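Open the structure in your viewer and keep the selection panel at hand. The stops below say what to select and what is there.

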Amino acid sequence: GFRHYTVADCEFNSSKLNDIEYAQSYYYNKLEYVRFSSSVGKYVGYTEYGIKNAERWNNGPEVIARRGEKERYCFHNVGIDVEADLTKS
């Protein structure tokens with residue numbers, strides 16, 4: 001069968017909250033076809049299908065909802081992750 005999956009992650013390259021980047025990638029059979037990045041602020045397509053979806057999503061309510069994910073998902077979990085790392089060291 002074919003695999004379709006989504007990966008959401010936060011990249012913590014600095015201790016400053018503004019430097020955190022939220023990204024959500026969409027894959028089909030291990031090939032990333034579209035990604036939302038908080039640093040870009042919109043969806044970017046990497047295949048023909050991904051470009052069509054990115055254009056549609058960037059003009060719809062999906063992009064507005066995704067822009068708040070950095071604060072909701074990353075900022076919430078940064079405190080949990082830092083506390084867990086400090087207790088292990």
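Colour the chain from the N terminus on: the elements run β-β-β-β-α-α-α. That comes to three helices and four strands. The model is predicted.

**The whole chain.** Show the surface. The accessible area comes to about 6300 Å², and carbon and sulfur atoms hold 52% of it. Of the 89 residues, 30% count as buried. Now turn to contacts between residues at least 6 apart in sequence: 31% of these join residues at least 24 apart.

**Strands S2 and S3.** Select S2, residues 21–28, and S3, residues 31–37. The two strands run antiparallel, joined by six bridges. Pick Tyr 26 and look across to S3: its bridge partner there is Val 34. Then go to the turn. Two residues lie between the strands of this hairpin, and Asn 29 takes a positive phi near 50°.

**On to S4.** Select S4, residues 42–45. S3 pairs with S4 too, in the antiparallel sense, over four bridges. Pick Phe 36; its bridge partner in S4 is Tyr 43. This hairpin has four residues between the strands. Gly 41 is the residue to click here, with a positive phi near 85°.

Is S3 enclosed or open? Five of its seven residues are buried, so S3 is largely enclosed by the rest of the structure.

**The nonpolar core.** In soluble globular proteins, nonpolar side chains tend to be buried together. Show side chains for the largest nonpolar core, which has 13 residues. Which residues have the most contacts inside it? They are Tyr 26, Val 34 and Tyr 43. Four elements give two or more residues to this core: strands S2 and S3, helix H1 (48–58) and helix H3 (69–88). S3 supplies the largest share, three residues.

Centre on Val 34 and list its contacts, leaving out residues up to four places away in sequence. Val 34 touches Gln 24, Ser 25 and Tyr 26, among others. Further along the chain, its contacts include Tyr 43, Val 44, Gly 45 and Tyr 46. Gly 50, Ala 54 and Trp 57 are also among them.

**Aromatic pairs.** Select the rings. The structure holds eight aromatic pairs. A pair of aromatic rings is described by the distance of the centres and the angle of the planes.

Start with Tyr 5 and Tyr 27. Their ring centres are 5.0 Å apart and their planes stand at 15°, so the pair is stacked. Tyr 5 sits in strand S1 (residues 4–11) and Tyr 27 in S2, so to speak a link between distant parts of the chain, 22 residues apart. Check the surface at Tyr 5: with 31% relative accessibility, this residue counts as partly exposed.

Next, select Tyr 26 and Trp 57. This aromatic pair is tilted, with 5.2 Å centre to centre and 50° between the planes. The pair links distant parts of the chain: Tyr 26 is in S2 and Trp 57 in helix H1, 31 residues apart. Are the two buried or exposed? Both Tyr 26 and Trp 57 are buried.

**Last stop: the ring cluster.** Keep Tyr 26 and Trp 57 selected, and add Tyr 22, Tyr 33, Phe 36, Tyr 43, Tyr 49 and Tyr 73. Ring pairs link these residues into a cluster. Three of the names were stops earlier: Tyr 26 as the bridge partner of Val 34, and Phe 36 with Tyr 43 as bridge partners between S3 and S4.

How values were computed:
Residues numbered from 1 in each chain as written. Predicted model: local features only at pLDDT ≥ 70, side-chain atom pairs only at ≥ 80, totals over all residues. Heavy atoms only, no water. Buried < 20%, exposed > 50% of the residue type's maximum accessible area, 1.4 Å probe, protein only. Contact = heavy atoms within 4.5 Å. Areas by Shrake-Rupley, 256 points an atom, 1.4 Å probe, with all protein chains shown as cover. Core = buried A, V, L, I, M, F, W, Y, C linked by side-chain atoms within 4.5 Å. Phe/Tyr/Trp six-rings, centres within 6.5 Å; stacked < 30°, edge-to-face > 60°. Pairing = 2+ DSSP bridges.
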